[in-house]
Amino acid sequence: MVRTIELAPSILAANFANLAADAKLALEGGGTLLHVDVMDGHFVPNITLGPPIVASLRKAIPDMTFDCHLMIENPDEYIPAFAESGANWISVHQEACVHLDRTLHLIEDHGCKPGVVINPATPVSTLDDVLDLVHHVLVMSVNPGFGAQKFIRNALRKISVLAEERERRGLNFRIEVDGGVALDTVADVVRAGAELLVAGNAVFGKGDIRENARKLLQTARSATSSDARGRKHRESEARKQGKRRASTAG
Ligand code: DX5
Ligand code: ZN
């Protein structure tokens, strides 16, 4: 499966008083998805935004994919409104959905791409029966609710398990990672198998937004290419080794 590395700037870290302008800068820096964090103060201890803000952003940024991350209880009640307001992808937490199969179908029925999210303490195995239904799986590498938190390295193992499971079952869901993705962690998440990279503080935190996004994406992509080069090198070495063994055995 060819992986396309994409950057999804998370507007949670942007200046809400200047949201559309900040978002556009991050997209000019190479972001191809806009990550929209929706928090209800119940599922997570923070409150952010709802469908009206998504609708306003949609007017200001008509042609960009909106990746809406719902950290809310009872997501079924709000999925139609987010779809109507301009969401393209909607992801819900496995921990918040009593009837996850039904919820994922509801997202699809409203014309959006369904995604499922797991918190740091939730095993990948909880998703076994929905991996063939989802467009993407979002692995949280922080406990949801806030930006600028420290990256939880256990997420790397979970990303690799998901990539292997995808390969083993011949599925094609995409792997997204969210929380603490920055210049010092992005290469590891890409090497583990993630391709959709959510970043808030690393893009909007400090300095030039466009430049931050560009550098992060470049670091991510060079991790894959050095990996590919490394793999190629290892494979040709193995072939040479095989030939040598064959000739000495002969
Ligand atoms: C946290 C959110 C993340 C957050 C990422 O609950 O889901 O999307 O904004 O921000 P950083 O990249 O700063 O950790
Ligand atoms: Zn998020």
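Which element gives the largest share of the shell around ligand 1? Strand S2 does, with three residues. This report looks at ligand 1 and its surroundings. The model is predicted.

**The shell around ligand 1**

Around ligand 1 stand 20 residues. Asp37, Gly145, Asp178, Gly180 and Gly200 come nearest. By class, nine residues of this shell are nonpolar and nine are polar. Two are charged.

Three strands each supply at least two residues of the shell. They are S2 (33-39), S3 (65-71) and S8 (196-199).

**Polar contacts**

Backbone atoms of Gly145, Ala148 and Asn201 lie close to oxygen atoms of ligand 1, at the distances below.

| Residue | Backbone atom | Partner | Distance |
|---|---|---|---|
| Gly145 | N or O atom | oxygen atom of ligand 1 | 2.8 Å |
| Ala148 | polar atom | oxygen atom of ligand 1 | 2.9 Å |
| Asn201 | N or O atom | oxygen atom of ligand 1 | 2.9 Å |

How much of ligand 1 does the protein bury? Taken alone, ligand 1 exposes 380 Å². The protein buries 99% of that area.

**The pocket**

Where does ligand 1 sit? The space taken by ligand 1 is the largest pocket. That pocket has a volume of about 570 Å³. Its lining counts 37 residues. Closest to the pocket centre are Gly180, Val181, Gly200, Asn201 and Ala202. Gly180 and Gly200 are also among the residues that come nearest to ligand 1. Asn201 also has the backbone contact listed above.

The lining draws on strands and helices. S2, S3 and S8 each supply at least two residues, and so do helix H7 (201-204) and helix H8 (209-249). Which of them gives the largest share of the lining? H8 does, with four residues. In the shell around ligand 1, the largest share comes from S2.

By class, the lining has 17 nonpolar residues. Another 12 are polar, and eight are charged.

Note on methods: Residues are numbered from 1 along each chain as its sequence is written. Chains are lettered from A and ligands numbered from 1 in the order in which they are written. This is a predicted model: local features need pLDDT of at least 70, side-chain atom pairs count only at pLDDT 80 or more; totals for chains, interfaces and linings use all residues. Side-chain values use heavy atoms; hydrogens and water are left out. A residue is near a molecule or strand if one of its heavy atoms lies within 4 Å of it. A polar contact is a pair of N or O atoms within 3.5 Å; within protein, one must be able to donate a hydrogen and the other to accept it, and residues adjacent in sequence count only if both atoms are side-chain atoms. Accessible areas come from the Shrake-Rupley method with a 1.4 Å probe; for residues, only the protein chains shown count as cover. On a 1 Å grid over the protein atoms alone, a cavity is a set of points where a 1.4 Å probe fits but cannot get out, and a pocket is an open set with protein on both sides within 12 Å along at least five of seven lines; lining residues have an atom within 4 Å of a point. A molecule sits in a cavity or pocket if more than half of its atoms lie within 2 Å of its grid points. Ala, Val, Leu, Ile, Met, Phe, Trp, Tyr, Cys and Pro count as nonpolar, Asp, Glu, Lys and Arg as charged, and the others, Gly among them, as polar. Grid points are joined across faces, edges and corners, and a volume is the space filled by probe spheres set on the points.
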